[in-house]
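Reader: Hello! I would like a close look at one part of this protein, the aromatic side chains and what surrounds them. Could you walk me through it in one go?

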Amino acid sequence: MPVEITWWGHATCTVADSDVRVLTDPLFARRLAHLRRRRGAVPPPRARHADVALVSHLHADHLHVPSLASLAPGTRLLVPRGASRAVPGLRRLGHLEIREVAPGDETVIGGLVVRAVPAWHDGRRLPVGPHRSPALGYVVEGEARTYFAGDTGLFDSMAEDVGPVDVALLPVGGWGPYLGEGHLDAGRAAEALVRLAPRSAVPVHYGTYWPIGMDAVRPHEFHAPGSEFVRLAAGVAPEVAVHLLGHGESVRLEVAR
């Protein structure tokens, strides 16, 4: 059975594997604070249908309480340990089955095992708040092993902590003209392919949101990361099939173990 990946924009994807639908970092907003969705329609209602949603860290463009509130009753939600204390709005989501996880924790959902793995990123709820929760990635294992990196930079133990994977969903950009520490740009994401050696990869976390009034400031940082990642990956990891998706597009991947 193939795994199907749909990219809805930013870090929001649906991973369909073993008759289970996994939703990553749900963000269904047209506008978020100073950010405006500049490309791709707001995901349709079917994007909200999931058996489990994964939240990688507490930043508002990854843990977006109104988007989580729109998920169906009974949806399971995995969030970093300490999230409910740091983000009081989570406590109002009584219709969801929320579990806090830390690196190494595993959760079984139907025929899948979801394992939380480390990420190198500032996991605080910004702009204020103590560092109460780790930033996470997740490995979703069913017919395929799919790595959702969340937001992360390269770190020395990445390959060891993530383990063997078939598909890597990697951030290649951001939502502003400059990336700080703890992020992957197209070049660092290509280096992550060398370390992880997946069969396939999908670039995410670019080309969706941009600060209002800054359309003309370094616009290549909005438009170019996906295609630049494809180009660089072909040079350093030619054995990896990279799938450049448009917003709302899907790819079905056959995985042979």
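How many aromatic pairs does the structure hold?

Author: Happy to. Please keep in mind that this is a predicted model. The structure holds two aromatic pairs.

Let us start with W7 and Y206. Their ring centres are 5.3 Å apart and the planes meet at 10°; planes under 30 degrees apart count as stacked, so W7 and Y206 form a stacked pair. This pair links distant parts of the chain, 199 residues apart: W7 belongs to strand β1, while Y206 is in the loop between β14 (200-204) and β15 (209-211). Both W7 and Y206 are buried.

The other pair is made by W210 and F222, and here the arrangement is edge-to-face, with 5.5 Å from centre to centre and 75° between the planes. W210 comes from strand β15 and F222 from helix α5 (residues 220-223), so this pair ties together parts that are twelve residues apart in sequence. W210 and F222 are buried too.

F222 has a further partner: the charged end of R38 sits over its ring, 4.6 Å from the centre. A similar arrangement involves F28, where the charged end of R48 sits over the ring at 4.2 Å from its centre.

Now to the nonpolar surroundings. The largest nonpolar core has 54 residues, and I5, Y138, Y147, L170 and F229 touch the most other members. Helix α4 (residues 186-196) gives the most to this core, namely six residues. F229 is a good one to click on: leaving aside neighbours within four places in sequence, F229 is in contact with L170, V172, A186, A189, A190, L193, A201, P203 and V242. There is also a second, separate core of 20 residues, and W8 is included in it along with A53, V65 and V79.

Finally, a word on the backbone. Most residues other than glycine have a negative phi. H10 has a positive one, near 50°, and is placed in the loop between β1 (3-9) and β2 (12-17). Buried means under 20% relative accessible area, so H10, at 2%, counts as buried. A33 also has a positive phi, near 55°, and is found in the loop between β4 (31-32) and β5 (35-37). Is A33 buried or exposed? With a relative accessible area of 60%, A33 is exposed.

Key
Residues numbered from 1 in each chain as written. Predicted model: local features only at pLDDT ≥ 70, side-chain atom pairs only at ≥ 80, totals over all residues. Heavy atoms only, no water. Helix = DSSP H or I, 4+ residues; strand = E, 2+ residues; numbered from the N terminus. Buried < 20%, exposed > 50% of the residue type's maximum accessible area, 1.4 Å probe, protein only. Phe/Tyr/Trp six-rings, centres within 6.5 Å; stacked < 30°, edge-to-face > 60°. Lys NZ or Arg CZ within 6 Å of the ring centre and 35° of its normal. Core = buried A, V, L, I, M, F, W, Y, C linked by side-chain atoms within 4.5 Å. Contact = heavy atoms within 4.5 Å.
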